[in-house]
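The following account leads the reader through one protein model, passing from single residues to helices, aromatic pairs and overall totals. Please keep the structure in view while reading.

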Amino acid sequence: MSRPRCSAALRGLPRSYLALLVGQTISLLGSNVTMLALPLTAITLLDAGPAQTGLLLACGRAPYLVVSLFAGVVVDRLPHRRILLTANLVMAATLATIPLFASLGRLGLVQLYTTSMLVGVAAVISDVAYLACIPTVLNRSQLVRAQSSLELSQAGAMAAGPFLAGWLVDQFSAPTAILADSVSFLVAAALLSRVPMRNAGCSRAAPSALLGQVAEGLASVFGNPILRAVTLASGTFIFWHNAYSAAFLLHLTKDLGFDSRVVGMMLGIGALGGVVGAASSPRAGRVIGLGPTLMIGLAVSAGGMSLAALFTQPWWAAVACVTLSQFMLWIGQGIYNVQQVPIRYALVQPHLQGRINASIRSVVWGLASLGALAGGAAAAATSLRTTLLASSVLGLASIVWIWRSPLRHARSLRL
């Protein structure tokens, strides 16, 4: 990301948030290495097909469907720093088993599925805790700017991660690249231990009230027309994006014949679109309003996805289309996420943030696991290109939820 844009996004934010952001960015960098290295491990070392690749992706998302609601209650009961430290250490140890098993010649798809699911459980809890702790280190007037800085750092990690993953896979191996992610979680844990956080007012309800607290989180999301619309829009897009993702890497490696360096280069350049989207989103929101900006972000993302399957020859045209596809996808996601995440901060009290974030993630990323399974099955039954094109077109349906809600004409929520 450019220095002026980064400085503008960070100016005036407290040091506690900046330390939290650095730790999150480092772990995001490692995670984006694994996002490429894990499926490449399955495809190149274990000859996984679309159904196996879809199942691997679904295993990483399934904990959001099963664990996320209860994670919100845990986050609202326990200190956020303790949760974040524990989750980072668990993810570091679990990921380290992949290069260990590979070096012993014992790596198999079951090992990858299990590791993906265990890391997913820890990631669910970590993600919910991270989002819940943001309002405890920032004032409400700083939330949109903070979300913009987070999206910029995430986009930077997404851009650097595939480059680093492609280089590590090419020079060493895919399991070795995953070891880099394990180390990144250890570094993030070390930084988190130094971040001061104030208590958000942890829940003291008895364990018997667990289901009631889960229900309170869900009711708060689906009882509010704005939160409901954003949640269903995000969930619809993520479902089709994960169906798309189940076929995407196989399309690049099998149909187009790209090696890990070319894949890493295309995904890295494409992810720079997230920097553009995150940097431009606050201004777009001010100029055209919150609702229209959300719809534009989703439309740009879905439109970008469709470009990846347009050309298979010549080589340069295929590379250009895939790169442009990813660039547009992440521009749209940068625009959308900067605007949609602070909505829950504006509408929800701090003591409910854990359960609200958990409820939203349970729906959105639970649909992601179902989408990955659907995409893998569709690619196995039809073709990789057909799955990519169909998923892109159907992703546009996400806009309908915003269009039919009070957000359609909303200028802002006065954060």
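In which helix is the place of Ala 102? The model, which is predicted, puts Ala 102 in helix α6, formed by residues 97-103. With a relative accessible area of 30%, Ala 102 falls between the limits of 20% and 50% and is therefore partly exposed. Once the neighbours within four places in sequence are set aside, Ala 102 is in contact with Leu 107 and Pro 175. The C-alpha atom of Ala 102 is separated by 9.7 Å from that of Ala 174, a residue 72 positions away along the chain.

Helix α5 comprises residues 80-95. Its 16 residues, at 1.5 Å a residue, should span 22 Å, and the end C-alpha atoms are 23 Å apart, which agrees. The buried residues of α5 are His 80, Ile 83, Leu 84, Ala 87, Asn 88, Met 91, Ala 92, Thr 94 and Leu 95. An α-helix has 3.6 residues a turn, so residues three or four places apart point the same way. That rule may be kept in mind when reading the list for α5, which includes Ile 83, Ala 87 and Met 91. Thr 94, which lies in helix α5, has a relative accessibility of 13% and so counts as buried. Beyond its neighbours within four places in sequence, Thr 94 is in contact with Thr 115, Leu 118 and Val 119.

Helix α3, residues 50-66, invites the same check of length. For its 17 residues a span of 24 Å is expected at 1.5 Å a residue, and the end C-alpha atoms are indeed 24 Å apart. Where does the kink in α3 lie? A kink of about 40° is found at Gly 60, shortly before the proline Pro 63. Both Gly 60 and Pro 63 are buried, as are Thr 53, Gly 54, Leu 56, Ala 58, Cys 59, Ala 62 and Tyr 64 in this helix.

The loop between α2 (15-46) and α3 contains Asp 47. Most residues other than glycine have a negative phi. Asp 47, by contrast, has a positive phi, near 55°. Its relative accessible area is 62%, above the limit of 50%, so Asp 47 is exposed.

Attention now turns to the aromatic rings. How many aromatic pairs does a search of the whole structure find? The search finds four. In one of them, the rings of Trp 167 and Phe 172 have their centres 5.7 Å apart and their planes at 80°, so this pair is edge-to-face. Trp 167 is partly exposed, at a relative accessible area of 46%, whereas Phe 172 is exposed, at 52%. The rings of Phe 258 and Trp 315 also form an edge-to-face pair, because their planes stand at 90°, with the centres 6.1 Å apart. This pair links distant parts of the chain: Phe 258 lies in the loop between α11 (225-255) and α12 (260-288), and Trp 315 lies in helix α14, 57 residues apart. Phe 258 counts as buried, with 6% relative accessibility. An aromatic ring also takes part in an arrangement with a charged residue, for Arg 408 lies over the face of Trp 403, at 3.6 Å from the ring centre.

Helix α14, residues 315-347, also holds Gln 326. Is Gln 326 buried or exposed? Its relative accessibility is 6%, so Gln 326 counts as buried. Apart from neighbours within four places in sequence, its contacts are with Tyr 244, Phe 248, Leu 267 and Gly 270.

Ile 399 belongs to helix α17, residues 399-403. At 18% relative accessibility Ile 399 still counts as buried, because the limit is 20%. Setting aside the neighbours within four places in sequence, Ile 399 is in contact with Met 295, Leu 298 and Ala 299. Its C-alpha atom is 9.6 Å from that of Leu 232, although the two residues are 167 positions apart in sequence.

These local views may be set against the whole protein. The protein has 17 helices and zero strands. Of its 415 residues, 56% are buried. Among contacts with a separation of 6 or more, 90% join residues 24 or more positions apart. The accessible surface comes to about 16,500 Å², and carbon and sulfur atoms account for 66% of that area.

Methods: Residues are numbered from 1 along each chain as its sequence is written. This is a predicted model: local features need pLDDT of at least 70, side-chain atom pairs count only at pLDDT 80 or more; totals for chains, interfaces and linings use all residues. Side-chain values use heavy atoms; hydrogens and water are left out. Helices (H or I, at least four residues) and strands (E, at least two) are DSSP runs, numbered from the N terminus. Buried means under 20% relative accessible area, exposed over 50%, partly exposed in between (1.4 Å probe, protein chains only). Contact means heavy atoms within 4.5 Å. The expected span of a helix is 1.5 Å times one less than its number of residues. The bend at a residue is the angle between axes fitted to the seven residues ending there and the seven starting there. Accessible areas come from the Shrake-Rupley method with a 1.4 Å probe; for residues, only the protein chains shown count as cover. Rings of Phe, Tyr and Trp (its six-membered ring) pair if their centres lie within 6.5 Å; planes under 30 degrees apart count as stacked, over 60 as edge-to-face and the rest as tilted. A charge sits over a ring if NZ of Lys or CZ of Arg is within 6 Å of the ring centre and within 35 degrees of the ring normal.
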